[in-house]
Amino acid sequence: DAICNLRGVPATAPLARKLKAVDEEFHHLLDGGQTAKAEHVQALYAWKSKQATQDGKVAQQAEDETNTLGQAYLKFLDALSLDQSNTMYNLHVGRMLLLQGKTTEAQVRLQLSVGMNPKNQAARFYLGLSMAMLPKGPPQDRLGETVTFLNEGVEIVLPQRCPLAEGSSTQSQPSMHSEDLWRLSNLQLLRGFQLLGQLLAKQDPPQGCMSALDVMHNATLLSAQAMCEMVHRGEVYRQVEWMLLTSHYQLLEHLTAKQSGKEDVIALRCRDLSGLIRACSIPQNTELLVMQEKTCQKGVLIR
């Protein structure tokens, strides 16, 4: 903020203007021969630019020791240092590494967790998630395993939601979020459903697994239900809101790829998604603008 003020950009300015101010300061220092200070500003720009994406924001929070997520990660590391063979400690460290975007390191921890207790359904789901989140996707020789593990998560969550929809649930709620990794406010759970839909769209679903379209519909529905259950409209609410938008967009792209006879449905979805984007509480950013532009383009082309 100090650099932004120096460049005449207020603290309330959009992120894009702040990044431009930091970039101007970097070039000013570089042209003035102040290389050390320029490198520091460049590192600040890289750190600040992560806030332009929803995943980048969460990764920063999970790495920041002053943030509750970062503090939780340190506590899980402390526990793991006392007992390296504990399944749950490896699971929690693995999922925190996923939040930080360190998928390879997370996969090592989650593989250990599954190896210690192959029946731990949460560990299996997170291992599948870690493989699906690899930069190049899951290894070809583990593609079936990834789909199976993610699909097991779907089969756990959907039966849990049915009694809640009917208003007949008598289950007691866990006292801590870390005790219930199947809650809808767990963004990694919704992310896993999205990735499962993407993987199934590229292949025939294995026996006993829903189609890609059904998985995407359920990911969208569960994201909407998660928003309805949120009490406060804070950062987590906006993250769930982003998950809802990306789920709708993923479904729209899938329908567009197989649009024969579904032009009217696609046009309606383009209109509705465009309305959702305009009404959302997420501050304007590049990802949101790109999604809105592509949605409008699809709506125009389908007509």
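Here are five short exercises with worked solutions on the predicted model shown above.

**Exercise 1. Describe the overall fold of the protein chain: which secondary structure elements does it hold, and how much of it is buried?**

Let's start with the elements. The protein chain has 14 helices and zero strands. Following the sequence therefore gives the pattern α-α-α-α-α-α-α-α-α-α-α-α-α-α.

Next comes burial: 44% of the 303 residues count as buried. As for the surface, the protein chain exposes about 16,500 Å², and carbon and sulfur atoms supply 53% of that area.

Last, take the contacts with a sequence separation of 6 or more: residues 24 or more positions apart account for 56% of them.

**Exercise 2. Classify the ring pairs that F125 forms with W182 and with F193, and say where these residues lie.**

Step one is the count: the structure holds three aromatic pairs.

Step two is the geometry of the first pair. The ring centres of F125 and W182 are 5.6 Å apart and the planes stand at 65°; planes over 60 degrees apart count as edge-to-face, so this pair is edge-to-face. F125 belongs to helix 8 (residues 121-132), while W182 sits in the loop between helix 9 (143-166) and helix 10 (187-201), so the pair ties together parts 57 residues apart in sequence. F125 and W182 are buried.

Step three treats the second pair in the same way. For F125 and F193 the centres are 6.3 Å apart and the planes meet at 85°, so this pair is edge-to-face as well. Because F125 lies in helix 8 and F193 in helix 10, the pair joins parts that are 68 residues apart in sequence. F193, like F125, is buried.

To finish, put the pairs together: they link F125, Y126, W182 and F193 into a cluster.

**Exercise 3. Examine helix 10: how does its span compare with the expected value, and which residues are buried?**

First, the span. Helix 10 has 15 residues and reaches 21 Å from its first C-alpha to its last, close to the 21 Å expected at 1.5 Å a residue.

Second, the cover. Helix 10 is mostly covered, with 12 of its 15 residues buried. Among them are L187, Q188, G192, F193, Q194 and L200.

Third, the N-terminal end. N186 caps it, with a side-chain oxygen 3.2 Å from the backbone nitrogen of Q188.

**Exercise 4. Find the residues that touch the most other members of the largest nonpolar core, and the helix that gives the most to this core.**

A general point helps first: in soluble globular proteins, nonpolar side chains tend to be buried together.

Now to this model. The largest nonpolar core has 66 residues, of which Y126, F193 and L245 touch the most other members. Helix 12 (residues 235-257) gives the most to this core, with 10 residues.

Then look at L245. Leaving aside neighbours within four places in sequence, L245 contacts L273, L276, I277, C280, I282, L288 and M291.

A second, separate core has six residues, including I3, F26, L29 and A38.

**Exercise 5. Decide whether N285 is buried or exposed, and find its polar partner.**

Begin with the location: N285 is in the loop between helix 13 (263-279) and helix 14 (286-302).

Then apply the cut-off. N285 has 12% relative accessibility, and buried means under 20%, so N285 counts as buried.

Finally, the partner: a polar atom of the N285 side chain lies 2.8 Å from the backbone nitrogen of L288.

Conventions
Residues are numbered from 1 along each chain as its sequence is written. This is a predicted model: local features need pLDDT of at least 70, side-chain atom pairs count only at pLDDT 80 or more; totals for chains, interfaces and linings use all residues. Side-chain values use heavy atoms; hydrogens and water are left out. Rings of Phe, Tyr and Trp (its six-membered ring) pair if their centres lie within 6.5 Å; planes under 30 degrees apart count as stacked, over 60 as edge-to-face and the rest as tilted. Helices (H or I, at least four residues) and strands (E, at least two) are DSSP runs, numbered from the N terminus. Buried means under 20% relative accessible area, exposed over 50%, partly exposed in between (1.4 Å probe, protein chains only). A nonpolar core is a set of buried Ala, Val, Leu, Ile, Met, Phe, Trp, Tyr and Cys residues joined through side-chain atoms within 4.5 Å. Contact means heavy atoms within 4.5 Å. A polar contact is a pair of N or O atoms within 3.5 Å; within protein, one must be able to donate a hydrogen and the other to accept it, and residues adjacent in sequence count only if both atoms are side-chain atoms. Accessible areas come from the Shrake-Rupley method with a 1.4 Å probe; for residues, only the protein chains shown count as cover. The expected span of a helix is 1.5 Å times one less than its number of residues.
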